[in-house]
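Open the structure in your viewer and keep the selection tool at hand. We will go from stop to stop, and at each one you will hear what to select and what is there.

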Amino acid sequence: MFKIINEKFGNIDSVTLINQQHGIELQIINGFGAVINKYIVNNSPFSFICGYQNYDELINQHPFFSRSAKLFPFPNRLNLGRYSFDSQNHQLPANFPWSDHAVHGLLYNQPFSITNSVANDQSASVTLEYQTSSLHPGFPFAFNLEITFTIYTTGKLSCSTTVSNCGDYAFPFGDAWHPYFSLSNDLEQCELTMSPCAEVVHENDLPNGDKRAFERSSLSEDLINQSLNHCFEFEATATNQLTLTRSDSSAAIHYQQDASYPFVQLYTPTSEQSIAIEPMTCPADAFNNQIGLLTLNPNQSQTFTWQCQATYQPK
């Protein structure tokens with residue numbers, strides 16, 4: 001039987017979905033960006049998602065990591081924080097000390113409320129909500145964002161995000177998630193494969209409008225070199241998969257995003273043995289380059305889904 005426990009992460013609200021019989025634990029820091037902070041299956045001695053160890057690490061040491069946070073209304077970067085929509089110019093701040101751009105949207109550190117939770121023998125789910133009439137002067141639009149996380153006895157984790165326009169004016173947006181995955185070993189001992197796609201060519205960390213075919217199904221060499229910081233676009237109507245597997249086959253992540261997320265950003269930080277696999281509705285700077293940019297009219301809603309299956313079999 002699953003249990004849902006409302007807790008505190010320091011002084012921030014969090015919630016844990018746990019099933020001791022199946023060795024499953026999913027911790028979400030709903031009070032800070034709806035961050036997925038821990039993802040354990042079959043009593044794995046590690047979390048498949050790299051999280052924060054404590055409140056100090058989250059708030060003081062690494063406040064700009066945005067690990068496993070919701071990225072909205074744009075992922076990645078917005079060039080110098082500037083954009084124009086419906087003949088109006090808007091300015092968002094350069095919110096991270098290492099960039100001149102606006103980075104990771106506006107919700108990565110915002111509190112979400114829990115509006116529903118359900119637990120039974122087979123699964124547990126929580127629904128989180130963020131609602132505002134105007135989040136920032138540079139994004140002065142009314143919206144509601146609802147996220148439902150569901151974890152199953154198999155270890156499968158699914159996420160559904162619904163964005164609703166609650167105001168009188170249309171607004172531009174993109175939606176994304178920012179997870180860092182780990183199999184608790186060096187990346188050079190892992191294999192990464194993904195569905196056919198095209199690479200979105202970047203210059204100075206922003207798309208330049210070009211794409212090129214990417215015909216390698218395996219990116220394991222890039223894992224060894226920890227050289228990934230690339231955006232890829234999948235076929236528009238396809239359900240796309242990425243698989244990260246340990247060389248001894250004891251652990252794996254089978255990750256899947258449906259056609260609602262046609263882009264993915266892959267990034268390997270040099271500071272640790274993890275990989276960010278980020279589902280995105282659009283690449284960086286979509287408010288300006290229009291690539292994948294979505295628009296939501298008043299009283300409209302749109303839903304986006306991804307899921308991942310973690311497996312662990314001790315050797």
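Select Lys38 to begin: with a relative accessible area of 28%, this residue is partly exposed. Here buried means under 20% relative accessible area, exposed means over 50%, and partly exposed lies in between, using a 1.4 Å probe and protein chains only. Now add Glu25, which is also partly exposed, at 22% relative accessibility. The side chains of Lys38 and Glu25 meet in a salt bridge, 3.6 Å from N to O. The two residues are 13 apart in the chain, with Lys38 in strand 4 (residues 35–40) and Glu25 in strand 3 (residues 24–29). A salt bridge is counted when a side-chain nitrogen of Lys or Arg is within 4 Å of a carboxyl oxygen of Asp or Glu. Strands (E, at least two residues) and helices (H or I, at least four) are DSSP runs, numbered from the N terminus.

Before moving on, a word about what you are viewing. This is a predicted model, in which local features need pLDDT of at least 70 and side-chain atom pairs count only at pLDDT 80 or more, while totals for chains, interfaces and linings use all residues. Residues are numbered from 1 along each chain as its sequence is written, and side-chain values use heavy atoms, with hydrogens and water left out.

**Zoom out to the whole chain**

Show the protein chain as a cartoon, and you can look for three helices and 26 strands. Its radius of gyration, taken over C-alpha atoms, is 19 Å, close to the 20 Å that the globule rule gives for 315 residues, so the chain is as compact as a globular protein of that length. That rule is 2.2 Å times the number of residues to the power 0.38. Along the principal axes, the C-alpha trace spans about 60 × 45 × 40 Å.

Colour by burial next: 56% of the 315 residues are buried. Then try colouring by charge, where you will find 13 positive and 29 negative side chains, the centres of the two sets lying 5 Å apart. Lys and Arg count as positive and Asp and Glu as negative, while His and the chain ends are not counted. Each charge is placed at NZ of Lys, CZ of Arg, CG of Asp or CD of Glu.

**More salt bridges**

Side chains of opposite charge can pair when their charged atoms come close. How many salt bridges does the count come to? The count is seven, and two more of them are worth a visit.

Select Arg67 and Glu272, whose closest N and O atoms are 2.8 Å apart in a salt bridge. This pair joins parts of the chain 205 residues apart: Glu272 is in the loop between strand 23 (263–267) and strand 24 (275–280), and Arg67 is in the loop between helix 1 (55–61) and strand 5 (69–71). Is Arg67 buried or exposed? At 4% relative accessibility, Arg67 counts as buried.

Move along to Lys70 and Asp175, a salt bridge with its closest N and O atoms 2.9 Å apart. Lys70 is in strand 5, and Asp175, 105 residues away, is in the loop between strand 14 (171–173) and strand 15 (176–178). Both residues are buried.

**Backbone stops**

Select Phe72 and Pro73 to see a cis peptide bond, with omega near 10°. Pro73 is in the loop between strand 5 and strand 6 (77–78).

Jump to Ser249, which has a positive phi of about 65° although it is not a glycine. Ser249 is in the loop between strand 21 (240–246) and strand 22 (251–257), and its 53% relative accessibility makes it exposed.

Gln290, not a glycine either, has a positive phi of about 70°. Look for Gln290 in the loop between helix 3 (286–289) and strand 25 (294–296); it is partly exposed, at 48%.

**Two buried residues to finish**

Select Asn185, in the loop between strand 16 (180–181) and strand 17 (190–194). At 13% relative accessibility, Asn185 is buried. Which residues does Asn185 touch, not counting those up to four places away in sequence? They are Cys190, Arg246 and Gln273, where contact means heavy atoms within 4.5 Å.

Last comes Ala251 in strand 22, buried at 0% relative accessibility. Beyond four places in sequence, the contacts of Ala251 include Phe46, Phe48, Leu183 and Tyr312.
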